[in-house]
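Trainee: Could you take me through a model step by step, giving the general idea before the particular case?

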Amino acid sequence: MHSAYIEFATLKYCSSCGDAVSKRIPDGDDRHRHVCDGCDTVHYQNPCIVAGSLPVYENRVLLCRRAIEPAYGYWTLPAGFMENGETTEEGAARESREEANVELHSMELYTMIDIPHINQVYIFFRGQMAQPTYSPGIESLEVELFLEEDIPWSEIAFPSVKMTLKHFFEDRKTGNFPVRTDLIKRFRR
Ligand SMILES: [Zn+2]
């Protein structure tokens with residue numbers, strides 16, 4: 001069985017006509033799709049991009065403690081699903097405002113992390129905070145600036161966040177921040 005088939009989100013009804021959909025390989029395709037039994041519309045499912053930021057103020061980085069599941073109570077970088085019509089950088093800036101009420105400047109692409117088994121790609125930008133001004137948005141319990149030695153490594157919400165932080169503190173030693181790519185093969189915390 002094709003792996004993409006296993007990872008299908010459940011779809012029962014056609015969003016165009018309301019008829020039932022079934023999983024089959026459309027003509028000319030090479031994998032199973034949800035196809036409407038009534039109007040033959042093919043409902044493609046493709047990976048989602050999660051855009052996030054690594055906010056930096058002087059020698060500290062900003063983390064948010066999650067007020068929502070999954071990983072309620074764990075610390076994360078501001079990040080979330082991109083919205084239609086925005087760029088990845090705009091998405092990262094928006095999530096930073098929504099989750100931490102923080103404004104970033106000089107944003108630079110930093111990490112891209114593929115997570116194929118959950119059909120997600122994380123893209124993080126490094127961003128500078130002009131002022132140490134921040135507060136929790138509705139999805140955050142608290143927001144705080146951390147020195148490297150104070151990072152709560154055992155309470156980081158997602159592997160992609162941990163990887164991005166580890167790259168940052170390593171690269172900071174040289175002051176050179178090339179774009180880093182990673183692959184996460186299965187969930188671990
Ligand atoms: Zn239909």
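**Order of elements**

Mentor: This is a predicted model, and, read from the N terminus, the elements of the protein chain follow the order α-β-β-β-β-β-β-β-α-β-β-β-α-β. Counted by type, the protein chain holds 3 helices and 11 strands.

Trainee: What share of the 189 residues in the protein chain is buried?

Mentor: Buried residues account for 28% of the 189 residues, while the C-alpha atoms of the protein chain fill a box of roughly 60 × 30 × 30 Å along the principal axes. Of the contacts between residues at least 6 apart in sequence, 61% join residues at least 24 apart.

Trainee: How should I read a sheet, and which strands stand at the edges of the open one with the order 1-2-3?

Mentor: In general, strands of a sheet pair through backbone hydrogen bonds, in either a parallel or an antiparallel fashion. Here, an open sheet of 3 strands has the order 1-2-3 and antiparallel pairing. Strand 1 and strand 3 (42–43) are at its edges, because each has a single partner strand, and so one side of each lacks a neighbour in the sheet. Strand 1 and strand 2 run antiparallel and are joined by 4 bridges; S22, for instance, has V35 in strand 2 as its bridge partner.

Trainee: Is R31 buried or exposed?

Mentor: R31 lies in the loop between strand 1 (21–24) and strand 2 (33–36). A residue counts as exposed if 12 or fewer other C-beta atoms lie within 10 Å of its own, and R31 is therefore exposed, with 11 C-beta neighbours inside 10 Å. The C-alpha atoms of R31 and L77, 46 residues apart along the chain, are separated by 35 Å.

Technical notes
Residues numbered from 1 in each chain as written. Predicted model: local features only at pLDDT ≥ 70, side-chain atom pairs only at ≥ 80, totals over all residues. Helix = DSSP H or I, 4+ residues; strand = E, 2+ residues; numbered from the N terminus. Buried ≥ 20, exposed ≤ 12 C-beta atoms within 10 Å, placed from the backbone. Contact = placed C-beta atoms within 7 Å. Pairing = 2+ DSSP bridges.
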